Amino acid sequence: MTRVAVLISGSGTTLKNLIERQATGRLPVELAAVISSKAGAGGLRFADQGGIPSQVLERRRFEQPAAFSEAVFAACDQAAADLVVM
């Protein structure tokens with residue numbers, strides 16, 4: 001089964017839609033990780049409710065954009081994601 005990491009920064013509407021479609025069998029994937037660039041992102045609540053591991057990587061905590069990108073890619077690799085959805 002395809003493992004998916006979902007990148008969020010806000011309300012998490014896309015994540016909610018993915019969770020709903022997965023739950024009904026319309027989306028045959030494993031939601032393996034949620035990675036948020038904002039600690040206050042509402043979508044983190046959907047990840048928690050869905051039992052999906054999540055982490056916050058705030059962009060402002062990285063001095064260089066490349067370092068932020070590397071951290072995001074590392075989190076996706078750690079989740080063994082086959083696909084990343086934004």
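**Close-up views of the predicted chain**

**View 1. L27 in the loop between α1 and β2.** With a relative accessible area of 23%, L27 is partly exposed; buried would be under 20%, exposed is over 50%, and partly exposed covers what lies in between (1.4 Å probe, protein chains only). This is a predicted model, so local features need pLDDT of at least 70 and side-chain atom pairs count only at pLDDT 80 or more, while totals for chains, interfaces and linings use all residues. Residues are numbered from 1 along each chain as its sequence is written, and side-chain values use heavy atoms, with hydrogens and water left out. Once residues up to four places away in sequence are set aside, L27 touches L18, R21 and Q22, where a contact is a pair of heavy atoms within 4.5 Å. A71 sits 44 residues from L27 along the chain, and their C-alpha atoms are separated by 27 Å.

**View 2. The whole chain, for orientation.** Count 3 helices and 4 strands here, running β-α-β-α-β-α-β along the sequence. Those labels are DSSP runs numbered from the N terminus: H or I of at least four residues for helices, E of at least two for strands. Along its principal axes, the C-alpha trace spans about 40 × 25 × 15 Å. The radius of gyration is 12 Å, which agrees with the value near 12 Å for a compact globule of 86 residues; the radius is taken over C-alpha atoms, and the globule rule is 2.2 Å times the number of residues to the power 0.38. Of the 86 residues, 35% count as buried. Among contacts with a separation of 6 or more, 60% come from residues 24 or more positions apart. As for the outside, the chain exposes about 5,400 Å², with carbon and sulfur atoms supplying 51% of it; the areas come from the Shrake-Rupley method with a 1.4 Å probe, and for residues only the protein chains shown count as cover.

**View 3. The largest nonpolar core, with L15 in the frame.** This core has 14 residues, and the members that touch the most others are V6, I8, L15, I19, L31, V34 and I52. At least two residues each come from β1 (2–8), α1 (13–23), β2 (29–36) and α2 (43–49). A core here is a set of buried Ala, Val, Leu, Ile, Met, Phe, Trp, Tyr and Cys residues joined through side-chain atoms within 4.5 Å. Follow L15 and, beyond its neighbours within four places in sequence, you get contacts with V6, I8, V34, G43, F46, A47 and I52. In soluble globular proteins, nonpolar side chains tend to be buried together.

**View 4. I52, a core member in a loop.** I52 lies between α2 and β3 (54–56), and at 9% relative accessibility it counts as buried. Its partners, residues up to four places away in sequence excluded, are L15, I19, L31, A32, A33, V34 and A47. Take V34: 18 residues from I52 in sequence, it is 6.9 Å away in space, C-alpha to C-alpha.

**View 5. V72 in helix α3.** The second, separate core has 11 residues, including L57, A71, V72 and A79. V72 counts as buried, at 11% relative accessibility. Skip residues up to four places away in sequence, and V72 touches L7, I35 and L57. S36 is 36 residues from V72 along the chain, with 9.2 Å separating the two C-alpha atoms.

**View 6. G42 in the loop between β2 and α2.** G42 has a relative accessible area of 26%, so it is partly exposed. Residues up to four places away aside, G42 touches G10 and S11. The C-alpha atoms of G42 and I8 are separated by 9.1 Å, with the two positions 34 residues apart along the chain.

**View 7. A80 and its positive phi.** The last close-up goes to the loop between α3 (65–78) and β4 (83–85), where A80 is found. A80 is a residue other than glycine, yet its phi is near 55 degrees. Most residues other than glycine have a negative phi. At 42% relative accessibility, A80 counts as partly exposed.
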